[in-house]
2 protein chains.
Amino acid sequence: MPRLTEARSQLRRDQIVQAARRCFVRNGMERASVADITAESGLSAGSIYAHFGSKADIVRAVVQDVMDRRALTLAAYASGVRPPSPTQVMVLLVAATDPDEARIALQAWGEATTDPAIHEIVVSMIDRMRDLFRVGCEAWLVEAKGYERAAAGPRATRIADHLVAVYQAHLIRAALLGAPDAVDDAALTDVVEAIS
Amino acid sequence: MPRLTEARSQLRRDQIVQAARRCFVRNGMERASVADITAESGLSAGSIYAHFGSKADIVRAVVQDVMDRRALTLAAYASGVRPPSPTQVMVLLVAATDPDEARIALQAWGEATTDPAIHEIVVSMIDRMRDLFRVGCEAWLVEAKGYERAAAGPRATRIADHLVAVYQAHLIRAALLGAPDAVDDAALTDVVEAIS
DNA sequence: GTCTATACTACGATAGAC
DNA sequence: GTCTATCGTAGTATAGAC
C-alpha cells in the first residue's frame, strides 16, 4: 500500500508543480500568489500545504523540474551511438525549445541572484549542461574528426563553453521574442562551426 | 529658478534609484520593499512617492539606469577613431563588468518575461547593443581588414549577433559566480576570433 | 488528504502636519 | 518637499471540520 500511496502523492505534487509553472509564466514567480496556484490546479490551499511546506518550496520544485527536463532532452541527443556534431546538437536543442520553459529559465536566473537554493539549482544545472556538451563533443572529435584523445579533451572543453553561451543566448531570445521560427539555422550553423 | 529646482529633483530621483539598486541586488526587485528603499536612501515613504508614482516606476527607472550605463560604456569603446577589433571590445567590456550590474540585468530579464514595460526596456537595450557592435565591427572590417563596404555589412551583422551571445553568457557568469578574475582572456579571445 | 474559514503579517500607498 | 502615522489590502500559512 505505501507504494501506491506514494505514487499518488507524487502525482499530486506534479499536478501542483505544473499548475504553478503556468502561473509563473503568466505572472512571474514572485507575483504569482498561492491563491493563483490553487485556482489553476483546482486544489485548495490546505491541500497544497499538505504537499509543500511553503511557496518557496513550490518555486524550487518548478525550477528543478524545468531544469531536469532540459537536461534530459540534451542527454538524449548526446547518448546516441554515433555522436552528433555540435552543430547538430545545437540545432536539435534549439528546435526543441519551449518558450514557456525558456521564460521559467530566465526567471530562475533572476531569482538565483538573491535566493541561495535557486542559485544552487541553476549553477549545478549549467555545470551539468556544460559537461554533457563536453562529453558529447569529445566523442565527436575522436570518432568523427579523428582527434587523439589527449587533444580532444581540451578542445571539447572550449567548444562546450561556447555551446553553453550560444544556448543561453538562444533561451533569452526564445523567452523574450517568442519562438521565432526564425531559428536562423544558417546563422547558428555558421557560428557553431566556426568554433568547432 | 525652475532649472535649479529641476536639477535638484533629478538628483533626488537619482539618490532613490541608486538606493533602490542596492536593495534589489540584496533582496531582488520583487522582494525588496519600499520600506527597504526608504531605509537605504535615508528618505521617507512620503518623499519617495513625491518623486515616483509607484514602486513599479522605481523598478523601471533602475533597470533603465543600468542599461543606459552599459550602453554608454560600449559606445565609448566603439567611438574611437581607430575602430577596435571585436576581441578588444569584448575584453574591455568584460573587464568593465560590475557583478552588481550583471545581477540587475539578470533580474530584469526575468521581469521582462511578465512585465511589458520592462520587456520594452530590455529588448530595445539588446537591439541597441547589437547595433553598436554591428557598426563597430563594420568599421573595423573595412578599416583594419580591408573588406569592401558591401561585404562588410552582412559579415558585421553576423559577428554582432555572436558578440551579443558571448556578452550575455558573460553576464550570467558574472552575476551568478561573482567576478571570476578568471576572465579567461585566452578562451574569450579564442572564441571571438574564431568567428571574426 | 482535502476542504472552508480565518489569523496574522507585511506591503504599497495616502493623509495631513510642518 | 519631507516627515510621521496610518489605512486598506493582498498574501502566506494554519486551524479545525469532514
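Which helices of chain B each supply at least two residues of the surface near DNA strand D? They are α1 (2-27) and α3 of chain B, and the legends below set this surface in context. This is a predicted model, in which local features need pLDDT of at least 70 and side-chain atom pairs count only at pLDDT 80 or more, whereas totals for chains, interfaces and linings use all residues. Residues are numbered from 1 along each chain as its sequence is written, chains are lettered from A and ligands numbered from 1 in the order in which they are written, and side-chain values use heavy atoms, with hydrogens and water left out.

**View 1. Overall build of chain A and its relation to chain B.** Chain A holds nine helices and zero strands; helices (H or I, at least four residues) and strands (E, at least two) are DSSP runs, numbered from the N terminus. The C-alpha trace of chain A spans about 60 × 40 × 30 Å along its principal axes. Chain A is superposed on chain B by a rotation of 180° with 0.0 Å of shift along its axis, at an RMSD of 0.0 Å; the fit is by least squares on the C-alpha atoms of residues with pLDDT of at least 70 in both copies. The two copies are thus related as by a two-fold rotation axis. The same surface serves both copies, since 100% of the contact residues of chain A recur in chain B; contact means heavy atoms within 4.5 Å.

**View 2. The surface near DNA strand D.** Of the 15 residues around this strand, Tyr49(A), Lys55(A), Arg12(B), Ser44(B) and His51(B) come nearest; a residue is near a strand if one of its heavy atoms lies within 4 Å of it. The largest share of the surface, four residues, comes from α3(B). A phosphate oxygen of DNA strand D is 2.7 Å from a side-chain N or O atom of Tyr49(A), and a polar side-chain atom of Ser44(B) lies 2.6 Å from a phosphate oxygen of the strand. Val34(A) takes part through its backbone, with an N or O atom 2.9 Å from a phosphate oxygen of DNA strand D. Of the strand atoms within 4 Å of the protein, 68% belong to sugar or phosphate and the rest to bases.

**View 3. The surface near DNA strand C.** Sixteen residues surround this strand, and those that come nearest are Arg12(A), Ser44(A), His51(A), Val34(B) and Tyr49(B). A polar side-chain atom of Arg12(A) lies 2.5 Å from a phosphate oxygen of DNA strand C. For the side chains of Ser44(A) and Ser47(A), the distances from an N or O atom to a phosphate oxygen of the strand are 2.6 Å and 3.2 Å, respectively. Four residues, the largest share of this surface, come from α3(A). The surface residues divide into six nonpolar, eight polar and two charged; Ala, Val, Leu, Ile, Met, Phe, Trp, Tyr, Cys and Pro count as nonpolar, Asp, Glu, Lys and Arg as charged, and the others, Gly among them, as polar.

**View 4. Packing of α5 against α7 in chain B.** Helix α5 (residues 86-95) and helix α7 (residues 116-145) of chain B pack at an angle of about 140°, with their axes 10 Å apart. Axes are lines fitted to C-alpha atoms, for helices over the stretch in contact, and angles run from 0 to 180 degrees between N-to-C directions. α5(B) and α7(B) are therefore oblique to each other, as angles under 35 degrees count as roughly parallel, over 145 as roughly antiparallel, 65 to 115 as roughly perpendicular and the rest as oblique. Pro86(B), Val89(B), Met90(B) and Leu93(B) of α5(B) meet Phe133(B), Cys137(B) and Trp140(B) of α7(B). By class, this contact has seven nonpolar, no polar and no charged residues.

Terms used
Polar contact = N/O pair within 3.5 Å; in protein donor to acceptor, adjacent residues only side chain to side chain.
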